[in-house]
Amino acid sequence: MNYSEFQSLAGSRASHRKFLADDIPGEDIKKIIDIARLAPSGHNNQPWKFIALKKTELIKKLASAIALDLNGV
């Protein structure tokens, strides 16, 4: 990827605060986590721990515990 392509990619990214209530297939979640684990880390020690919550009740409890406002999730 050249600089121009990277600049276009970085400039087109967006933050999303509202999400659909649609269920995400487990296979898609596995693919997303697999891609996320490839993110660079110091000394390539990859200290990540991923948790995928699908139940709205658990998501709200976690959000409350860490004081996030998820606007209708």
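Is L58 buried, partly exposed or exposed? At 41% relative accessibility, L58 counts as partly exposed. That residue opens a short tour of this predicted model, told as legends for a series of close-up views.

**Figure 1. The whole chain, as a predicted model with its confidence values.** Before zooming in, here is how sure the predictor is about what you see. The mean pLDDT of the protein chain is 84, and 92% of its residues reach 70 or more. Among the elements of the chain, helix α2, which covers residues 26–36, has the highest mean pLDDT, at 92. Helix α1, covering residues 3–12, has the lowest, at 85.

**Figure 2. Close-up of L58 and the nonpolar surface patch it helps to make.** L58 is found in helix α3, which runs over residues 56–65. Together with I51, L53, L62 and I66, L58 makes a nonpolar surface patch of about 480 Å². Why can L58 take part in such a patch? Patch residues need over 30% relative accessible area, and L58 has 41%, so L58 passes that cut-off. For a sense of distance, pick the C-alpha atoms of L58 and D23: they are separated by 15 Å, although the two residues are 35 positions apart along the chain. D23 comes back in the next view.

**Figure 3. Close-up of the salt bridge between K54 and D23.** The structure holds three salt bridges, and this view takes up one of them. The closest N and O atoms of K54 and D23 are 3.5 Å apart. This pair links distant parts of the chain, with the two positions 31 residues apart in numbering. K54 sits in the loop between α2 and α3, whereas D23 sits in the loop between α1 and α2. How open are the two partners? K54 counts as partly exposed, at 45% relative accessibility, while D23 is exposed, with a relative accessible area of 59%.

**Figure 4. Close-up of the salt bridge between D34 and R37.** Here the side chains of D34 and R37 meet, with an N to O distance of 2.6 Å. D34 counts as partly exposed, at 37% relative accessibility. R37 also counts as partly exposed, and its value is 35%.

**Figure 5. Close-up of the salt bridge between E57 and K61 in helix α3.** The side chains of E57 and K61 meet at 3.4 Å, N to O. Both residues lie in helix α3, four residues apart, which is about one turn of the helix. E57 is exposed, with a relative accessible area of 54%, and K61 counts as exposed at 51% relative accessibility.

**Figure 6. Close-up of S41 and its contacts.** S41 has its place in the loop between α2 and α3. Is S41 buried or exposed? With 18% relative accessibility, S41 counts as buried, because the cut-off for that class is under 20%. Zoom in on the side chain of S41 and you will find one of its polar atoms 2.8 Å from the backbone nitrogen of Q46. Leaving aside neighbours within four places in sequence, S41 is in contact with Q46, P47 and W48.

**Figure 7. Close-up of H43 and N44, two residues with positive phi.** What is the phi of H43? The angle is near 55°, a positive value in a residue other than glycine. N44 also has a positive value without being glycine, with phi near 50°. H43 has its place in the loop between α2 and α3, and N44 is placed in the loop between α2 and α3 as well. H43 counts as exposed, at 84% relative accessibility. N44 is exposed too, with a relative accessible area of 56%.

**Figure 8. Close-up of G11 in helix α1, with K55 as a distance marker.** G11 lies in helix α1 and is exposed, with a relative accessible area of 63%. How far apart are the C-alpha atoms of G11 and K55? They are separated by 33 Å, and the two residues are 44 positions apart along the chain.

Technical notes
Residues numbered from 1 in each chain as written. Predicted model: local features only at pLDDT ≥ 70, side-chain atom pairs only at ≥ 80, totals over all residues. Heavy atoms only, no water. Patch = residues over 30% accessible without salt bridge, like charges linked within 9 Å, V, L, I, M, F, W, Y side chains within 5 Å. Areas by Shrake-Rupley, 256 points an atom, 1.4 Å probe, with all protein chains shown as cover. Salt bridge = Lys/Arg side-chain N within 4 Å of Asp/Glu carboxyl O. Buried < 20%, exposed > 50% of the residue type's maximum accessible area, 1.4 Å probe, protein only. pLDDT = per-residue confidence, 0-100. Polar contact = N/O pair within 3.5 Å; in protein donor to acceptor, adjacent residues only side chain to side chain. Contact = heavy atoms within 4.5 Å.
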